[in-house]
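Q: Got a minute to go through this one with me? I'd like to start with the surface.

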Amino acid sequence: MERYVCVHGHFYQPPRENPWLESVEAQESAAPYHDWNERITAECYGPNGRARILDPGGLLAAVVNNYARMSFDFGPTLLAWLQAQAPDVHASVVAADQERRGRFGGHGSGMAQAYNHIILPLANARDRQTQIVWGIRDFEARFGRRPEGMWLPETAVDLPTLEALADQGIAFTLLAPHQARRVRRRGARGWHDVRGARIDPTMAYRVRLPSGRPLHAFFYDGPISHAVAFEGLLDNGERFARRLLDGFDDRRTWPQMVMVATDGESYGHHHRHGEMALAYALRYLEEQGLAQLTTPGQYLELHPASHEVEIVENTSWSCAHGVERWRMDCGCRAANRPGWTQAWRAPLRQALDRLRDELAEPFERAAGELFHDPWAARDDYIAVVLDRSPHSVDAFLERHGRGPVAGAERVRALSLLELQRHAMLMYTSCGWFFDEISGTESVQILQYAARAIELGRELFGRDLEPALLAELRTARSNIPEFHDGAWVYERLVRPAMVDLEGVAAHEAISSLFMPGPPPEHVYCYTVTTHDHQAMTSGRAHLAVGHTTVASEITGASAQLTYGFVHLGDHQVSGGVRPFGGEEAYRGVQAGAVEAFGRGDLAEVLRRLDRYFAGRTYSLHSLFRDARRQTLDLVFAAALREAEAAQRSIYRDHASLMRYVRSINLPQPESLQAAATVILNLDLERALGAPVPDRDRVRALLDEAAALDVTLRSEALGYVLSRNLARAAAHLEEAPDDPARLDGLLGLADLAKSVPLPADLWPAQDVYFRVLGTTAAGFRVRAAAGDADAESWLVRCAQLGEYLGAARNGG
């Protein structure tokens with residue numbers, strides 16, 4: 001009897017973009033990476049596209065694309081981030097689906113996902129439809145085909161959700177075994193109760209829908225999936241493969257499919273090197289002829305459902321109480337903290353439901369003046385989200401507009417639809433999943449709510465923020481100093497808000513610290529500089545200008561005047577206001593320039609305060625990433641002084657510290673602190689040098705060990721990894737350049753010899769590609785007696801040794 005295996009990965013991160021900038025800002029908790037998307041991409045999404053398989057000796061034997069051997073769904077907002085920030089990873093996901101179609105009868109490995117991970121049974125009918133439509137359209141745009149299946153966020157399910165899937169032509173979805181109520185053979189009369197996860201998960205089932213429309217469900221193997229996620233099954237690839245085989249039973253009389261489903265992040269992020277265990281297990285199953293790898297779509301075509309199923313409504317895979325985790329304090333939580341509750345979930349849900357409903361009626365009325373059908377326009381707005389080019393927007397407005405939509409009406413039309421986009425983003429499930437309303441995920445959805453409120457205020461002249469804050473006051477934080485949801489909103493959400501004047505302030509303040517022409521683009525804004533005058537006198541700097549800032553999302557724009565003075569360190573003062581005409585602008589510009597030119601900074605401040613009264617900004621007005629860069633510049637001199645002082649302490653007392661260490665006495669804290677700072681700094685610089693001095697690095701490591709200095713291993717490994725990746729990319733540009741090969745060879749040798757967690761994968765990728773392309777030509781030349789070619793091959797082999805690659809790898 002045929003045996004199939006399908007490993008499904010649910011790859012998802014919540015949207016993390018600042019709603020006013022459409023960009024993910026720095027997240028310190030993800031250090032040394034910029035943000036959590038970047039970190040998890042390095043640990044999981046990238047490695048699964050180039051997973052390593054080792055030979056019995058532990059050497060690298062092959063690099064494979066796991067996405068081409070498994071079933072997967074990716075969150076559309078995550079794919080959008082990958083496409084912009086890690087295009088090679090995005091390409092590996094898309095290529096895997098295309099490869100799978102070629103090998104498996106036209107069935108790709110990818111499934112769609114509801115757009116931004118809303119709990120669909122808790123959504124209203126309109127949001128449910130738009131989420132499904134947007135998920136399908138996003139999938140089509142990326143993968144070039146219609147999705148067969150769709151992943152339901154948290155596998156949360158009810159009949160209206162399944163009817164909505166069927167209505168959009170989706171063929172199947174994946175569910176947890178406890179979500180099945182009863183089953184029967186198609187055409188039979190009697191049902192068998194399978195509640196309590198007693199359904200047989202090795203076949204497809206036709207879902208019994210009230211409408212009678214076709215839809216199928218696969219139920220994953222619960223025990224094996226749990227072992228993957230929580231029992232360390234990914235510690236060994238062969239053990240993983242054997243556990244998958246345990247899902248088969250020779251007593252069954254049909255072609256069986258063992259399916260496991262977990263968060264895709266299990267393979268590399270939650271479990272280090274989990275992607276390697278997956279790659280090994282899937283290859284082991286294939287090469288040993290133990291099972292055929294398949295996808296749900298292919299299995300369903302080969303073996304149509306012989307049974308039908310009824311589901312348990314309002315259930316999910318991650319809440320033992322159904323879908324209560326996303327609307328009440330049901331007891332489900334991420335960590336067990338004594339005294340904490342999640343009673344805040346209910347008022348947060350209620351507040352956002354009220355906000356959504358109060359925005360719907362004025363949206364429908366206002367959008368009805370511009371569009372034939374406001375809600376149909378919203379469903380199709382994903383075309384603009386995917387492509388915001390003028391041509392795409394024009395085509396959209398032509399399809400849906402009652403007539404020509406231009407000028408102020410164009411801005412209004414796009415603003416109305418952006419309001420609705422944010423009114424859906426604010427329901428992203430992670431906002432309720434975790435334990436505290438001040439957590440990153442809850443703050444994120446409140447930012448989306450704030451953006452929806454702001455657009456509603458501009459469009460309808462009605463401020464819904466006071467009502468939201470009143471309800472959030474009943475959402476009590478578990479952290480006393482954070483009080484409640486309203487406090488969280490005021491302290492953690494409001495500072496993220498940005499308007500057009502704020503963009504101009506950011507640009508102007510940045511120019512005080514980073515000389516050069518003003519940028520034409522600032523995040524999702526176009527900046528047109530009409531005039532910009534900058535002056536410097538000692539530590540003081542002045543910037544006065546006239547600019548137009550326009551949103552690339554809605555087209556809203558403003559012509560503005562700005563003036564700022566930097567007095568040194570973090571002291572910045574100035575303001576932004578609407579452009580009041582050339583005469584007024586020239587007046588304040590001339591006055592500020594004249595006062596600055598004669599060194600009268602007090603007069604400059606008086607003039608700017610008078611002209612920009614009530615519209616003032618400071619260094620804090622810089623956007624988060626630029627604020628960090630600017631503070632680095634501000635601190636540079638102070639840090640140089642501090643480093644010099646600590647270096648002097650370390651240099652003068654290093655011998656004494658070695659003696660103290662040799663007699664096993666504790667080091668004085670101040671001396672230990674100086675040694676820790678200096679040795680880590682010196683190592684960071686040595687490892688980041690274009691050609692690191694190996695002897696210098698070794699000496700620093702020996703000194704750190706002698707003084708019992710704690711190394712910042714992750715940060716140092718990150719520096720070395722980036723240097724390796726840079727040298728590998730440099731070699732790939734000209735693989736026949738011996739100097740470039742030697743550069744990577746030296747770094748790989750260094751990485752092999754130091755006790756730091758260096759990421760060899762980018763270098764290994766380049767090694768395998770060079771081996772598969774350039775090496776053949778060098779072999780021909782070496783066989784003909786070319787000494788340079790022979791030398792290149794010897795060094796390439798040595799590089800493979802340092803990178804842990806088998807000689808016949810690839």
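Q: Which residues form a nonpolar patch on the surface?
A: L656, Y659, I663 and L665, with about 390 Å² of accessible area together. Patch members have over 30% relative accessible area and no salt bridge (Lys or Arg side-chain nitrogen within 4 Å of an Asp or Glu carboxyl oxygen); nonpolar side chains (Val, Leu, Ile, Met, Phe, Trp, Tyr) are joined within 5 Å, like charges within 9 Å. Areas are Shrake-Rupley with a 1.4 Å probe, and for residues only the protein chains shown count as cover.

Q: Any caveats?
A: This is a predicted model: local features need pLDDT of at least 70, side-chain atom pairs count only at pLDDT 80 or more, and totals for chains, interfaces and linings use all residues. Residues are numbered from 1 along each chain as its sequence is written, and side-chain values use heavy atoms, leaving out hydrogens and water.

Q: Where does Y659 lie?
A: In helix 22, residues 624–662. Helices (H or I, at least four residues) and strands (E, at least two) are DSSP runs numbered from the N terminus.

Q: OK, salt bridges: how many does a search of the whole structure find?
A: 66. One of them pairs R378 with D127, with the closest N and O atoms 3.0 Å apart. R378 is in helix 11 (residues 374–380) and D127 in helix 4 (residues 125–143), so the pair ties together parts 251 residues apart in sequence.

Q: And the backbone: what joins A31 and P32?
A: A cis peptide bond, omega about 10°. P32 sits in the loop between strand 1 (3–11) and helix 1 (36–49).

Q: What about phi at H117?
A: Positive, about 65°, though H117 isn't a glycine. H117 is in the loop between strand 5 (110–113) and helix 4.
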